[in-house]
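Let's take a walk through this protein together. Have a look at the sequence and the 3D view below, then read on.

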Amino acid sequence: MLGLAKRVKARFLLASTSEVYGSPEEHPQNEEYWGHVNCVGPRACYDEGKRVAETLTYSYARQDNVDVRVARIFNTFGPRMNCNDGRVVSNFILQALRDEDITIYGNGSATRSFQYVHDLVDGLIALMGSDCTEPVNLGNPQEFSIKEFADMVIGLVNEQKDQPSTSKVMYLPAVTDDPQRRKPDISRAKERLRWEPRVSVRGGLQETSGGLRDYS
């Protein structure tokens, strides 16, 4: 794709990820942070794959003047997400809808930040229309512990079901190299793109749980 962009002189967008920061020692994470990644761990294929994708993108920009944009996307969710994708949002919602135990890996204190898909799309459009060639974090800086997030999902599902969910939180062993804190610093997006999330996590979850109801 970079070769094609070079040949036809197209603007190139790389959908990168917050995983380039690995298990961060800096909090919140801004784009100048180089990350803390175990390059031989079980998450390395994804983490390092995205990091090398950024390396290739900027190599083409420097050597061949390819016009590039790089978005570091934090956890995103929405109504038409794949119900079996293994992500925490879809897992929690489906488990609550089915009255299954909600599974948390670790003690539930690890944190994540979640953004609604409409905000992400707006951010990508703004990035592509801008002159910002540096990496840009696109995410919602509202931070939740995984336990807090699970409780929120159960509460929202209870509001939509005829009978309250009987789901309980079940704790499983922590996953190796799973980041303990994840929160974007979106100062660059605010300054360069005039962008920040507009949809609340709770509002987005209401839309998403309704969209996943058919799979329950």
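Which residues of H3 are buried? Keep in mind as you look that this is a predicted model.

## A helix tucked inside

The buried residues of H3 are Val89, Ser90, Phe92, Ile93, Leu94, Gln95, Ala96 and Leu97. Helix H3 covers residues 88-97, and eight of its ten residues are buried, so the helix is largely enclosed by the rest of the structure. To count as buried here, a residue needs under 20% relative accessible area.

Now follow the chain a little further. Just after H3 you'll come to Asp99, which has a positive phi of about 60 degrees.

## Two strands side by side

Next, find strand S1, made of residues 11-17, and strand S2, made of residues 67-73. These two strands run parallel, and seven bridges join them. If you want a spot to zoom in on, try Thr17, which sits opposite Ile73 in S2.

How does the chain get from S1 to S2? It crosses through helix H2, residues 44-64, and this β-α-β crossover is right-handed.

## A buried arginine and its partners

Strand S5 takes in residues 111-113, and Arg112 is found there. Is Arg112 buried or exposed? Its relative accessible area is 10%, so Arg112 is buried.

What does the side chain of Arg112 reach? Two contacts are worth tracing on screen. One is a polar contact of 3.0 Å between the side chains of Arg112 and Asp178. The other runs from the side chain of Arg112 to the backbone oxygen of Pro179, at 2.9 Å.

## A loop residue

Carry on along the chain to Gln180, which lies in the loop between strand S9 (169-172) and helix H6 (187-193). Gln180 has a relative accessibility of 42%, so it counts as partly exposed.

Try picking out Gly155 as well. Gln180 and Gly155 are 25 residues apart along the chain, and their C-alpha atoms are separated by 24 Å.

## A nonpolar patch on the surface

Finally, head back to the start of the chain. Met1 is found in the segment before helix H1 (2-8). With a relative accessible area of 72%, Met1 is exposed.

Which residues make the nonpolar surface patch? Met1 does so along with Leu4 and Val8, and the patch comes to about 330 Å².

Terms used
Residues numbered from 1 in each chain as written. Predicted model: local features only at pLDDT ≥ 70, side-chain atom pairs only at ≥ 80, totals over all residues. Heavy atoms only, no water. Pairing = 2+ DSSP bridges. Helix = DSSP H or I, 4+ residues; strand = E, 2+ residues; numbered from the N terminus. Right-handed = clockwise from strand over helix to strand, strands pointing away. Patch = residues over 30% accessible without salt bridge, like charges linked within 9 Å, V, L, I, M, F, W, Y side chains within 5 Å. Areas by Shrake-Rupley, 256 points an atom, 1.4 Å probe, with all protein chains shown as cover. Salt bridge = Lys/Arg side-chain N within 4 Å of Asp/Glu carboxyl O. Buried < 20%, exposed > 50% of the residue type's maximum accessible area, 1.4 Å probe, protein only. Polar contact = N/O pair within 3.5 Å; in protein donor to acceptor, adjacent residues only side chain to side chain.
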